[in-house]
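Work through these short exercises with the model open beside you. Try each task before you read its solution.

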Amino acid sequence: MLTNRLTQLAGAMAEHQLDVVVVVPGANLRYLLNVSFHPSKRLTLALFRRDGGRPSIVIPTLELQGVHEHLGDVADAYQWTDSEGPSSALLEALEQVLPAQRARVAVEHTVMRVMELRALEDAGRQLGVQLEIVDATPLLARMRMVKDVHELAAMAEAARIVEAALGKTIAQIKPGITERQLSLICTQEIMAAGAEGESFGNLIASGPNSANPHHNVSDRAFQPGDLIVLDCGAIYRGYASDITRTVALGEPTPGARAMYDAVLKANTAARDFVRPGVTGEQIDQVARGIITAAGYGDYFLHRTGHGLGLEINPCHEPPDLVARSTEPLAVGTTFTIEPGVYIQGVGGVRIEDDVVITEAGCRSFTTFQRELLVVPS
Ligand code: ZN
Ligand code: ZN
C-alpha cells in the first residue's frame with residue numbers, strides 16, 4: 001500500500017520536475033509513511049526522492065522510540081539528540097537526495113512552519129545548492145483525494161462510531177439541558193463508541209443559535225419548540241467522519257418543517273446525483289437549485305460540501321462542492337454533502353452525510369435517520 005503511494009509520488013514528481021518533496025509531521029506524512037507525530041519544536045522532516053528510492057527522515061532520537069520498527073521498514077532515519085541539534089543530521093540527509101547546484105524542492109505551503117523552511121534553506125546554502133521552493137500541497141492533495149479500500153474501510157468505521165454516539169446523544173436531549181452540557185455528552189459518547197478522537201470540536205446549536213452555521217457552543221438551555229443542530233465527527237485509524245442532523249424538541253412550527261423538508265430534499269437529490277465524472281460545482285448546483293426553488297436560496301449560506309479523509313479542512317482535503325469546482329470526480333473520491341438553511345431570528349437546519357463515489361453512483365457511509373426526528377418535550 002505504501003509502496004504504491006511512493007511510486008505514485010515519484011511519478012508526480014517527475015511530471016512536475018521536482019527533485020525532492022519535503023513533508024513535515026501531519027496528514028501527508030501519515031499518508032506516505034504511516035507514521036504520525038505531533039508537530040513539535042524539534043525538527044522532523046521526511047525527504048522523498050524523485051527516483052522513488054527509500055525516503056529519508058530527519059528525526060529526534062526521542063521520537064524514534066515509538067516508531068522505530070515500522071520506520072526502519074519504510075525510511076532511512078537520520079536521528080539527532082537534543083545535545084547535538086538537528087543541523088548535521090539534516091545536512092547528511094539532504095546531501096543524499098539533492099542534485100548539485102540547483103534543486104526544485106516542494107514543501108507544504110499551508111503546513112510547514114518558518115522554522116522548518118529556514119532549516120532547509122540554511123542546509124541548502126551550506127551544501128552550495130540553490131533551492132527553488134515550490135508548493136507540494138496540490139500534488140499531495142490530488143493523491144489523497146481518491147481513497148483505497150483500506151481508507152474506505154476506516155472511513156466507514158469512523159461513520160459507524162459517530163452514528164452510535166449521535167443516537168445516544170440525541171436520546172439525552174430534554175428541556176433545560178444546555179448546549180454545553182450536550183456537547184460534553186457528545187464528546188464522551190464519541191470516545192466511548194471507540195473513536196481515537198473527535199474530528200473537530202462538536203457543534204451544538206439550539207433555537208435562534210441554530211441560524212448560525214458556525215455557532216460556538218453556549219450555555220443556552222433547550223426549550224420546547226427549538227430546532228437543535230448537532231454536527232460532530234469521530235476519528236478512526238486517522239480517518240474522519242463528519243455528520244450533522246437537526247432535531248426538533250417538541251412539535252416544530254410549520255415554518256420549521258418547511259425549511260427542514262427543503263434541506264432534506266436537497267440532501268437526497270445531491271446524493272442521488274453523485275456518480276463518476278460529476279464535478280463539485282454540479283453537485284452544489286443540484287442542492288442549491290432545490291433550496292432556491294423552495295424559496296430559501298438566500299439562506300443557504302455555505303458550500304454544499306467538502307473533501308473528507310485524513311483531514312476535514314477543504315484547503316487540505318479536496319474536493320470542494322462549490323461554484324468553480326469544475327474537475328470531474330473519480331470513483332473513490334470522498335466528501336460531505338451538507339446543504340443547510342439559516343434564517344436569523346428563526347433558526348436553521350443542516351443535514352450532512354459522508355459519501356464516496358462508486359462505479360454505480362454513490363455510497364453514503366452515514367445512514368442515520370434523515371426524516372425529522374421530534375424529541376418529546
Ligand atoms: Zn459537519
Ligand atoms: Zn462538514
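**Exercise 1. Charges over rings**

Find which ring faces Arg-5 and Arg-288 lie over.

Solution. Keep in mind that this is a predicted model.
- Step 1. Go to Arg-5. It lies over the face of Tyr-31, 4.1 Å from the ring centre.
- Step 2. Go to Arg-288. Its partner is Phe-300, and Arg-288 lies over that ring's face at 4.0 Å from the centre.
- Step 3. Check both against the cut-off: a charge sits over a ring if CZ of Arg is within 6 Å of the ring centre and within 35 degrees of the ring normal.
- Step 4. Now look for aromatic pairs. The structure holds zero of them.

**Exercise 2. The zinc ion (ligand 1)**

List the protein donors of the zinc ion (ligand 1) and classify its site.

Solution.
- Step 1. Collect the donors. Asp-231 gives two OD atoms, Asp-242 gives an OD and Glu-352 gives an OE. They lie 2.0 to 2.6 Å from the ion.
- Step 2. Read the spacing along the sequence: D-x10-D-x109-E.
- Step 3. Place the ends. Asp-231 sits in strand β9 (residues 227-232), while Glu-352 sits in the loop between β17 (347-350) and β18 (353-358). These two are 121 residues apart, so the pair links distant parts of the chain.
- Step 4. Take the angles among the four donor atoms: 54 to 147°. A tetrahedral site needs all angles between 85 and 135 degrees, so this one fails that test. The site is irregular.
- Step 5. Check burial, which means under 20% relative accessible area. Asp-231 has 9% and counts as buried. Glu-352 has 0% and is buried too.

**Exercise 3. The zinc ion (ligand 2)**

Which residue bridges the zinc ion (ligand 2) and the zinc ion (ligand 1)?

Solution.
- Step 1. List the donors of the zinc ion (ligand 2): Asp-242 (OD), His-306 (NE2), Glu-338 (OE) and Glu-352 (OE), at 2.1 to 2.3 Å.
- Step 2. Name the bridge. Asp-242 joins the two ions, which lie 3.1 Å apart.
- Step 3. Test burial. Asp-242 is buried at 3%, and Glu-338 is buried at 8%.
- Step 4. Judge the geometry. The angles run from 78 to 152°, and the site is irregular.

**Exercise 4. The core**

How many residues does the largest nonpolar core have?

Solution.
- Step 1. The core has 65 residues. Among those with the most contacts inside it are Leu-9, Phe-48 and Ile-173.
- Step 2. Helix α7 (residues 149-170) supplies the largest share, ten residues.
- Step 3. Domain 1 (2-143) and domain 2 (146-375) each contribute at least three residues.

Methods:
Residues numbered from 1 in each chain as written. Chains lettered and ligands numbered in written order. Predicted model: local features only at pLDDT ≥ 70, side-chain atom pairs only at ≥ 80, totals over all residues. Heavy atoms only, no water. Phe/Tyr/Trp six-rings, centres within 6.5 Å; stacked < 30°, edge-to-face > 60°. Donors = N, O, S within 2.8 Å, 3.2 Å for Na, K, Ca; no water. Tetrahedral: all angles 85-135°; square planar, octahedral: opposite > 155°, others 65-115°. Helix = DSSP H or I, 4+ residues; strand = E, 2+ residues; numbered from the N terminus. Buried < 20%, exposed > 50% of the residue type's maximum accessible area, 1.4 Å probe, protein only. Core = buried A, V, L, I, M, F, W, Y, C linked by side-chain atoms within 4.5 Å. Domains from an automatic or database assignment.
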